[in-house]
Amino acid sequence: MMISSALTNPRWDWKFALEVMQQKPVLEGLVKGTLLGTVGSMIIGVGLGVIMAVMRLSANPVLRGVSFVYTWFFRSIPRYVLLATMGSLGYLYPVLDIGVPFGQPAGLTFGQIGINALSNMLAFGILGLGLSEAAYMAEIARAGILSVDRGQTEAAQALGMSPGKTMWRIVIPQAMRVIVPPTGNETIAMVKDTSLLLAMSITTELFFQTQAIGTRTLQIMPAYVAAVLWYLVICSVLMVGQSRLERYYGRGFGAVPKKTQQKLTKIEADH
Amino acid sequence: MADTTATAPTTDAVPLVHAINVTKAFHGNEVLKGIDMDVRRGEVVVLLGPSGSGKTTFLRCINQLETIDGGRIWVDGDLMGYEDRGGTLHHLTDKQIAAQRREIGMCFQRFNLFPHKTVLENVVEAPVQVKGVKKAEARTRALQLLEQVGLGDKPSAYPSQLSGGQQQRVAIARALAMDPKLMLFDEPTSALDPELVGEVLKVMRDLAEGGMTMIVVTHEMGFAREVADRVVFMDAGVVVEEGPPANVIDNPQHARTRSFLSRMRQEEAAHAEAIVATVTENAEALAAIAKADAEAEMAAQAAIDNARDATQQR
């Protein structure tokens, strides 16, 4: 019944929806705010999150404490509130000095950034989303690291590998098997959360642009449909990417990747 | 390294491993109560003892996988884990400890191969990452070592595709790739199916014959008797007795050694008995089947004869 309504009710106006999808501001919003926003904030989130997880599991109480406070702070604040607050930081600190702490009187300032000019820049929004994401990623990465058998660390140590090498070359690659699926989830959630960038008055973003066309033309529903379709497309692509990644990090565990299987049979055939 | 040479000069006359009064406790439970042990270059020492006797812990103390609470251990003149600065001991940094471990190979009960790397990558990893050996060079050496442990045909397999015995042999090759002075084996065959034990012991025997210094924790009496230069029997955190295998295994002086060895023999005998019982059972079952077959055949033959007689009578 829903399908038939969708196909026959002229108010759906699929043709207009498709047109909206291809409008230049919509495309620009899609690429800049939504796609770039997702990629950028996830890079910050995953990178910082893994570092936070390693710190949290470190023997050093200071590092552990910093990581705990970070996670506690950013997990407690709703993203929308965080972005809105960050957007208003310019009110408190109009100019950001880069230099030695407490070194202004001695002239030890290397440069200045105007926060007001920055606050509606996309980069600042991406930073905000990334910082928030890192708090969640830290917990995911921590679970992944803890899932790796302790014998792996011991084997690497017995070979003379330093703690850093042991972590990055032996433990993290195995932890990725556990980290990737929830990270895929987080990425897909992030695609949708880029629509929150509006809180910092960033308007080059998919949903704001489609909505703007909708209100301007009074064709609100088709405009929303256009946004829905784009989100569906992006998330479908992401899911394919995720399953590829899972296969890569799953190598050596249970199911053998196709390529390796081919290599193996070739080697056996050669012998 | 600081002046550890004063207490342990590095000449051939001096043991490769020199441990004095090593103590270790886990949560107040004393596992090692003052172990003294010397291992000469090229010597194969087997540590025997009931579980919980501290032999595995002592092995792990040698390469600092466990920190010791008291005493000192030198390997090739290096004081393990500490630096002696004018009589007081200072902890080495993690990096310095890592450097000390490079010269000591270790094989674990559960192999601990890196599951996300192929056999070849497992062997190449440490030389390239730790010693900075060139990749091509490390590869050639790795293939050589894999050949040596009888796995020259499996460089691209993942550990999960190998049997336990094969995995343990890869683990031995991985340790050898660092050109260690000393090899530690922590119950290398106790996680293996009985039919896979032999292949691993053979590799270890070859290694011993090649002159490698080895400390082996194992319950394999046959290996201890044939390969070990010296057997050390430990119980409850102390060395009870030590000496050539012929003395310790076949003519133990201490009651504790005797009771452990007789228990081991009983277990071995029980194992053998179980095998004999299974074989006998199988043989009996086969005989029963054969007998039933023969009876059936005779019955059939009789029936045929009867039928023939009947036709002839007609």
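Two strands pair if DSSP finds at least two bridges between them. Strands (E, at least two residues) and helices (H or I, at least four) are DSSP runs, numbered from the N terminus. The model is predicted: local features need pLDDT of at least 70, side-chain atom pairs count only at pLDDT 80 or more, and totals for chains, interfaces and linings use all residues. Residues are numbered from 1 along each chain as its sequence is written, chains are lettered from A and ligands numbered from 1 in the order in which they are written, and side-chain values use heavy atoms, with hydrogens and water left out.

**View 1. The six-stranded sheet of chain B.** Strands run in the order β8-β9-β10-β3-β11-β12 in this open sheet of chain B, and the pairing is mixed. β8 and β12 (238-243) of chain B are the edge strands, each pairing on one side only. From one strand to the next, the twist averages 20 degrees. β11 (residues 230-235) of chain B is antiparallel to β12(B), with 5 bridges joining them. Within that pairing, F233(B) faces E241(B) of β12(B) as its opposite residue.

**View 2. Helices on the six-stranded sheet.** Angles run from 0 to 180 degrees between N-to-C directions; axes are lines fitted to C-alpha atoms, for helices over the stretch in contact. Contact means heavy atoms within 4.5 Å. α5(B) lies across β8 and β9 of chain B, at about 170 degrees to β8(B).

**View 3. The four-stranded sheet of chain B.** This open sheet has the strand order β2-β1-β4-β5 in chain B, with antiparallel pairing. Its edges are β2 (29-39) and β5 (78-79) of chain B, each paired on one side only. β1 (residues 17-26) and β4 (residues 70-75) of chain B run antiparallel, joined by 5 bridges. A19(B) stands opposite I73(B) of β4(B). V17(B) has V75(B) as its bridge partner in β4(B). Helix α1 (residues 55-62) of chain B crosses β1, β2 and β4 of chain B, at about 60 degrees to β2(B).

**View 4. The β1-β2 hairpin of chain B.** 8 bridges hold β1(B) and β2(B) in antiparallel pairing. T23(B) stands opposite K33(B) in β2(B). The two strands, β1(B) and β2(B), make a hairpin with 2 residues between them. In the turn, H27(B) has a positive phi of about 50 degrees.

**View 5. The interface of chains A and B.** On chain B, 31 residues are in contact with 27 residues of chain A. The two chains, B and A, bury about 2,600 Å² between them, with 58% of it on carbon and sulfur atoms. Buried area is the accessible area (1.4 Å probe) that two parts lose on being put together, summed over both. The interface of chain B and chain A has 3 salt bridges. A salt bridge is a side-chain nitrogen of Lys or Arg within 4 Å of a carboxyl oxygen of Asp or Glu. On the side of chain B that touches chain A, α2 (94-101), β8 (104-107), α3 (119-131) and α5 (164-176) of chain B each supply at least two residues.

**View 6. A salt bridge between the chains.** R110(B) forms a salt bridge with D149(A), the closest N and O atoms being 3.4 Å apart. R110(B) sits in the loop between β8 and α3 of chain B, and D149(A) in the loop between α8 (122-146) and α9 (150-158) of chain A, so the pair joins two chains.
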